[in-house]
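Reader: Please take one part of this model and describe it closely, from the pocket in that region to the elements around it. I would like the cut-offs stated as each term appears.

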Amino acid sequence: MMPTATTASGRAAQRSTVPLDKLIKKYDVRGARYTSYPPATQFQTGMTAEQYVDYLGGREQKFAPLSLYIHVPFCRDICYYCACNKVVTRDPAVAADYVKALVREIDIKSASCDAARVVQQLHIGGGTPTFLDRHELMQLVHILATRFQLSDSDSRDYAVEIDPRTVDEEMLALLAGVGFNRISMGIQDFDADVQAAINRFQPFETVEQHVTTVRALGFRSLNFDLIYGLPLQTIETVRQTLKRVLQLAPDRIAVYNYAHLPERFPSQRALSRYPMPTAAEKLELQHFVRQHLLAAGYVNIGLDHYALPDDDLALAFQQGHLQRNFQGYSAFDFEETIGFGVSAISSHCNYFVQNVVELDAYQRALLDDRLPVGRSCLLTRDDLIRRDVIMALCCYLRVNLSQLGHRYDVNPASYFAKELQGLESLEGDGLLRIKGHILIVTPLGRDFLRNICRVFDSYADSTGAHSVQFSKTL
């Protein structure tokens, strides 16, 4: 017999008991992950490089701290599960040309940023950022330091993603020396059979050695990325992976739901030869992971993150300044993130602007001294209102629509009349409670958080529940 979900309505004493298999059948649809709102699928072509330069030069900056993101797309080997924008190559020469293009993009964009604005957050992602050699990384950080006001505060959040297979002690020491204080390691799974299936073999001993080095070098925080829903994973294999993860005690752990989209990402077709776990099996793995991490003292944050209680991410959650963005969750609530590199997205107070996703087009544009603008999205007032609702749900699992109504001078009962009506079904299924204009996601509802957010997504109906642009919500 499948387990049931029981909840008490915020507006009625009637209890609702729904079998989990029925909830899965009802809610296992395709939907956005809401790392932004509107989702990136709503970005459009049309903005020119000249228009973006004019926008950057004319925007009000308020001397607020900045967040910078740099995308390095190169990987030496392909991981079959990966859905990132990447270029697989063993040719180190491609990095030098790419850094030249990055430097030019940094020159152009930094000219429109007030020099007094401090870079409180810096994140280098990929691909594999450590595909760049030591000289190229030092050159990149030096250029950033001469064009922006980098922070030396202990509270800065300067992070770099590393592939444990491609770094050594000298590289980690260099990253610490140039100012990075947070490391994110792609682990995914420690089981040898799972690693073979996804084409990412990295022995536990290698990761353990790197963790020892990271701790000795004084990095402030260490994050592990894990994935559930991969081929060959079972409760027992995940149990062993978690045992090893907890042995190493990272400060943060991101546990992502594997998004199988072979129509969009050809490398994932290699995994189609394995039986893929059902939604019910993935939920079972997710519950198992959550149970063990909570028992180990981690705080569950939002959709898919965990942090030790004294980590900045857990403190931001407690203090109310947590932010969800394209890198996941952030301990800082930035109004503006400026992205550099192929496919990188810049987030301004009312604009998203994404660079072109093709490497050749990116480099050609900058050789011509043009910003490599690909797609953009100007947020309407309605977008801003809905973004605040969705981000509150993603970060805090609750939202006060009355407070939001005061902020934007709208009547929440009439503005969200359609949405509140739609939430009645989710409330009856035990996914949330409605207390006046306060929406509270239940423990059961956490598993269906993307579905709850989708009610407020005005673009969801236009893209459809079956769009291959999105992964399944469960």
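Author: Helices (H or I, at least four residues) and strands (E, at least two) are taken as DSSP runs and numbered from the N terminus. The model is predicted: local features need pLDDT of at least 70 and side-chain atom pairs count only at pLDDT 80 or more, while totals for chains, interfaces and linings use all residues. Residues are numbered from 1 along each chain as its sequence is written, and side-chain values use heavy atoms, with hydrogens and water left out.

The description starts from the second largest pocket (on a 1 Å grid over the protein atoms alone, an open set of points where a 1.4 Å probe fits, with protein on both sides within 12 Å along at least five of seven lines; lining residues have an atom within 4 Å of a point). Its volume, the space filled by probe spheres set on the points, is about 320 Å³. There are 15 lining residues, and Arg-454, Val-455, Asp-457, Ala-460 and Asp-461 are the closest to the pocket centre. Helix H1 (20–27), helix H15, helix H16 (449–455) and helix H17 (460–463) each supply at least two residues of this lining. Helix H15 gives the most, with 4 residues.

Helix H15 also leads to a sheet. Spanning residues 417–428, H15 lies across strands S21 and S22 and runs at about 130° to S21 (axes are lines fitted to C-alpha atoms, for helices over the stretch in contact, and angles run from 0 to 180 degrees between N-to-C directions). Those two strands belong to an open sheet of 3 strands, ordered S20-S22-S21 with antiparallel pairing (two strands pair if DSSP finds at least two bridges between them). S20 (398–400) and S21 (432–435) are the edge strands, each pairing on one side only. On average, neighbouring strands of this sheet are turned by 10° against each other, direction ignored. Between S21 and S22 (residues 438–441), which run antiparallel, there are 4 bridges. Within this pairing, Arg-433 stands opposite Ile-440 in S22.

Helix H12 (residues 381–396) packs on the sheet as well, touching S20 and S22, and its direction makes about 140° with that of S20. One residue of H12 is Met-391. Met-391 has a relative accessible area of 14% and therefore counts as buried (under 20% relative accessible area; exposed is over 50% and partly exposed lies in between, with a 1.4 Å probe and protein chains only). Leaving aside neighbours within four places in sequence, Met-391 is in contact with Tyr-34, Thr-35, Ser-36, Tyr-37 and Arg-324 (contact means heavy atoms within 4.5 Å). Met-391 and Tyr-37 are 354 residues apart in sequence, yet their C-alpha atoms are 8.2 Å apart in space.

The interior can be described through nonpolar cores (sets of buried Ala, Val, Leu, Ile, Met, Phe, Trp, Tyr and Cys residues joined through side-chain atoms within 4.5 Å). The largest of them has 75 residues, with Leu-175, Ile-183 and Met-185 making the most contacts inside it. Apart from this core lies another, of 57 residues, among them Ala-331, Ile-345, Ile-390 and Leu-439.

A further strand, S16 (residues 337–340), is covered on both faces: Thr-337 and Gly-339 on one side and Ile-338 and Phe-340 on the other are all buried. S16 pairs with strand S3 (residues 66–72) in the parallel sense over 4 bridges, and Leu-68 stands opposite Ile-338 in S16.
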